[in-house]
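Colleague: I work at the bench and don't often read models. Could you take me through this one, feature by feature?

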Amino acid sequence: MTMSIQRGVLVLAAAALLGMPLVAQADNKHVSEAVEHAKEAVAHGKQGHADACTKHAEGALKHAEAAGVKSPHLDEGIKELKAAGEHGKAGHADVCTTHAEGAVMHLSEVK
C-alpha cells in the first residue's frame, strides 16, 4: 500500500473509532462512494498532489451523478466536484482540496 493510501485508511479508521459519522446516507451506495472518493481527493490535495485530487474528484463525481437522489446538497456536491476536477487539472492542488472539502460537506448531508 502506498503511503498516501495508508494515511487515508488511518484517518478513516480514527474517525470510525471516535464515533464520527463518515457517511450520512448509508443506504445509497453511490452517495457513500462519492463521499469516500471526495475524502481521498481532500487527502491527496492536502499533500499537494493535484493529479490524484483530480482523479478522486472525478471518481466522486461519477458516483454522485449516478446516485439518483433529488437533493440540493447532492446538486451542490456535484458543483464542488466539477470545480475540484477543473482546478486539479490546472495543477491547483490547494483549490482542488477546497472544493473537494465542500463536496464532502454537502454530500454528507444528502438524505
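**Reading the helix packing**

Modeller: Let's start with a pair: α3 and α4 are roughly antiparallel to each other. The label comes from an angle (under 35 degrees counts as roughly parallel, over 145 as roughly antiparallel, 65 to 115 as roughly perpendicular and the rest as oblique). Bear in mind that this is a predicted model, where local features need pLDDT of at least 70 and side-chain atom pairs count only at pLDDT 80 or more, while totals for chains, interfaces and linings use all residues. Residues are numbered from 1 along each chain as its sequence is written, and side-chain values use heavy atoms, with hydrogens and water left out.

Colleague: Before the pairs, how many helices and strands does the protein chain have?

Modeller: Five helices and zero strands, so named from DSSP runs (H or I, at least four residues, for helices; E, at least two, for strands), with numbering from the N terminus. Reading from the N terminus, the order is α-α-α-α-α.

Colleague: Back to α3 and α4. At what angle do their axes cross?

Modeller: The general idea is that two packed helices are described by the angle between their axes and the distance between the axes. The axes are lines fitted to C-alpha atoms, for helices over the stretch in contact, and angles run from 0 to 180 degrees between N-to-C directions. Here, α3 (residues 50-66) and α4 (residues 72-89) cross at roughly 150 degrees, and their axes come within 8 Å. The contact (heavy atoms within 4.5 Å) includes Thr-54, Leu-61 and Glu-65 of α3, along with Ile-78, Leu-81 and Lys-82 of α4. By class it has nine nonpolar, three polar and four charged residues. Nonpolar is Ala, Val, Leu, Ile, Met, Phe, Trp, Tyr, Cys and Pro; charged is Asp, Glu, Lys and Arg; the others, Gly among them, are polar.

Colleague: And is the crossing of α3 and α4 left-handed or right-handed?

Modeller: Left-handed. The call is left-handed if the near helix is turned anticlockwise from the far one by less than a right angle, and right-handed if clockwise.

Colleague: What does α2 do beside α3?

Modeller: The axes of α2 (residues 29-46) and α3 come within 8 Å and cross at roughly 165 degrees, which makes α2 roughly antiparallel to α3. This crossing is left-handed. Among the residues that meet are His-30, His-37 and His-44 in α2, and His-56, Gly-59 and His-63 in α3. The classes come to nine nonpolar, seven polar and two charged residues.

Colleague: How far apart are the axes of α3 and α5?

Modeller: They are 10 Å apart, at an angle of about 25 degrees, with α5 covering residues 93-107. That's why α3 and α5 count as roughly parallel to each other. The crossing is left-handed here too. Ala-50, Cys-53, Thr-54 and Ala-64 of α3 make the contact with Ala-93, Cys-96, Thr-97 and Leu-107 of α5. Six of the contact residues are nonpolar, two are polar and none is charged.

Colleague: Now single residues. Is Gly-45 buried or exposed?

Modeller: The idea is a cut-off on relative accessible area: under 20% is buried, over 50% exposed, and in between partly exposed (1.4 Å probe, protein chains only). Gly-45, in helix α2, is buried because its relative accessible area is 6%. Not counting residues up to four places away in sequence, Gly-45 touches Cys-53, Ala-93 and Thr-97. Gly-59, in α3, is buried as well, at 14%. Its C-alpha atom is 6.2 Å from that of His-37, 22 residues away along the chain.

Colleague: What about Lys-82?

Modeller: Lys-82 sits in α4 and is partly exposed, since its relative accessible area is 42%. Beyond residues up to four places away in sequence, Lys-82 touches Leu-61 and Glu-65. His-87, also in α4, is partly exposed at 27%. With the same sequence neighbours left out, His-87 touches His-92, Val-95, Cys-96 and His-99.

Colleague: How much of the whole protein chain is buried?

Modeller: Buried residues make up 42% of the 111 residues. The accessible surface (Shrake-Rupley method, 1.4 Å probe; for residues, only the protein chains shown count as cover) comes to about 6200 Å², and 61% of that belongs to carbon and sulfur atoms. Finally, of the contacts with a separation of 6 or more, 62% join residues 24 or more positions apart.
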